[in-house]
Structure formats: structure tokens, C-alpha cells
Amino acid sequence: MTNEGGNRIERHPILGDASPRKEITLYFEGRAIFAREGEPIMAALVAAGVSVFRYTKKGAPRRMFCGIGRCTDCVMIVDGIPGVRTCVTTAADGMKVERQAGAGRWIVEEENSNG
Ligand code: FES
């Protein structure tokens with residue numbers, strides 16, 4: 001799963017080689033994708049080739065615009081919470097990420113009420 005999609009910069013001409021980091025797993029709409037510990041969710045998604053992060057109320061696709069938490073183009077549903085700015089939110093192992101439509105919706109996992 002390492003460098004899935006091939007969009008990561010491993011060697012930068014000015015900054016040098018990427019430092020080694022622990023590998024973690026995110027689940028983008030159920031698909032496991034590789035992330036590097038400490039990087040923003042958006043970085044992992046772009047590296048995995050994800051090109052649409054959300055849709056406006058009228059259905060227009062959006063991706064990254066500002067990359068600094070100002071524009072809301074990158075908001076997604078993260079662990080059931082809508083409106084999370086993925087460009088400034090650190091990825092965590094096991095996180096569930098989904099595209100958002102319009103203002104999004106809360107996803108509440110039902111607890112087993114049989115007990
Ligand atoms: S890209 Fe603008 S808030 Fe994330």
C-alpha cells in the first residue's frame with residue numbers, strides 16, 4: 001500500500017528526501033489507503049489519486065483550493081462528522097473519510113440494541 005497512486009514527492013530538489021514516518025491506514029469510502037503519520041488527510045488522499053473531495057449543493061465537484069483551512073473546498077465527513085477541513089486535519093490510523101454533498105450529514109453508527 002506504500003505510495004499508492006504514486007503522487008507522493010519522496011525526493012524534493014530543495015527540501016531533500018522525505019523523512020521516514022510510521023505508516024497508517026485511512027478508509028476512504030471503505031477503501032484502505034496509506035497515510036504517513038502526522039500528515040494532513042488531504043495529503044494522503046491526493047497521494048492515493050482522489051480527485052474530488054466534496055460536491056456543492058448544486059453538485060459541482062470540489063478539491064483543494066487554499067490548502068490552509070480558509071476556503072472549505074476540502075471539507076469531508078470524517079469519522080461521521082461533516083464539515084471537517086481535511087487540509088488542516090491530521091490523519092489518524094483507522095480514520096473513516098467520505099465525500100460530502102452540500103452541507104453533509106452526520107453519520108451515527110447504530111449501537112446494537114439487542115442486549
Ligand atoms: S483547501 Fe481550503 S480549507 Fe482546505
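**View 1. The whole chain, element by element.** Helices (H or I, at least four residues) and strands (E, at least two) are DSSP runs, numbered from the N terminus. Read in that way, the elements of the protein chain follow the order β-β-β-β-α-β-β-β-β-β-β from the N terminus on, giving one helix and ten strands. What you see is a predicted model, in which local features need pLDDT of at least 70, side-chain atom pairs count only at pLDDT 80 or more, and totals for chains, interfaces and linings use all residues. Residues are numbered from 1 along each chain as its sequence is written. Taken along the principal axes, the C-alpha atoms of the protein chain fill a box of roughly 55 × 40 × 20 Å. Of the 115 residues in the protein chain, 23% are buried (20 or more other C-beta atoms within 10 Å of the residue's own; exposed means 12 or fewer, partly exposed in between, with C-beta atoms placed from the backbone). Contacts, which need C-beta atoms placed from the backbone to lie within 7 Å, often link distant parts of the sequence: among those between residues at least 6 apart, 45% join residues at least 24 apart.

**View 2. Welcome to the five-stranded sheet.** Five strands line up here in the order 4-3-9-7-8, as an open sheet with mixed pairing; two strands count as paired if DSSP finds at least two bridges between them. Strand 4 (31-36) and strand 8 (81-85) are the edge strands, each pairing on one side only. From one strand to the next, the twist averages 40°, an angle between the N-to-C directions of axes fitted to C-alpha atoms, on a scale from 0 to 180 degrees.

**View 3. The hairpin of strand 3 and strand 4.** Two residues separate these strands in the hairpin, and six bridges join the strands, which run antiparallel. To find your way along the pair, look for Ile24, which stands opposite Ala35 in strand 4, and for Leu26, which faces Ile33 in strand 4. Glu29 is found in the loop between strand 3 (23-28) and strand 4. The backbone of Glu29 has a positive phi of about 50°, although Glu29 is not a glycine. Is Glu29 buried or exposed? Glu29 counts as exposed because it has 12 C-beta neighbours inside 10 Å.

**View 4. Strand 9 and its two partners.** On one side, two bridges join strand 9 to strand 3, and these strands run parallel. Phe28 has Val97 in strand 9 as its bridge partner. On the other side, strand 9 (residues 96-98) is joined by two bridges to strand 7 (residues 75-78), and these strands run antiparallel. Val97 appears again here, since Val78 stands opposite Val97 in strand 9.

**View 5. Asp79, in the loop after strand 7.** Asp79 sits in the loop between strand 7 and strand 8. Asp79 has a positive phi of about 50°, and Asp79 is not a glycine. With 14 other C-beta atoms within 10 Å, Asp79 is partly exposed.

**View 6. A three-stranded sheet.** This open sheet has the order 6-5-10, with mixed pairing. Strand 6 (61-62) and strand 10 (100-101) are at the edges with a single partner strand each, so one side of each has no neighbour in the sheet. Two bridges join strand 5 to strand 10, and the two run parallel. Here Arg54 stands opposite Gln100 in strand 10.

**View 7. Ser51 and Arg63.** Ser51 lies in the loop between helix 1 (41-47) and strand 5 (54-55). Ser51 is exposed, with 9 other C-beta atoms within 10 Å. Arg63 is twelve residues from Ser51 along the chain, and their C-alpha atoms are separated by 6.4 Å.

**View 8. The largest nonpolar core.** In soluble globular proteins, nonpolar side chains tend to be buried together. A nonpolar core is a set of buried Ala, Val, Leu, Ile, Met, Phe, Trp, Tyr and Cys residues joined through C-beta atoms within 7 Å. The largest one here has 21 residues, and those with the most contacts inside it are Leu26, Ile41, Met42, Ala44, Leu45 and Met76. Strand 4, helix 1 and strand 7 are the elements that give two or more residues to this core. Which element gives the largest share of this core? Helix 1 does, with seven residues.

**View 9. Around Met42.** Which residues is Met42 in contact with, leaving aside its neighbours within four places in sequence? Met42 is in contact with Met64, Cys74, Thr86 and Cys87.

How values were computed: Two residues are in contact if their C-beta atoms, placed from the backbone, lie within 7 Å.
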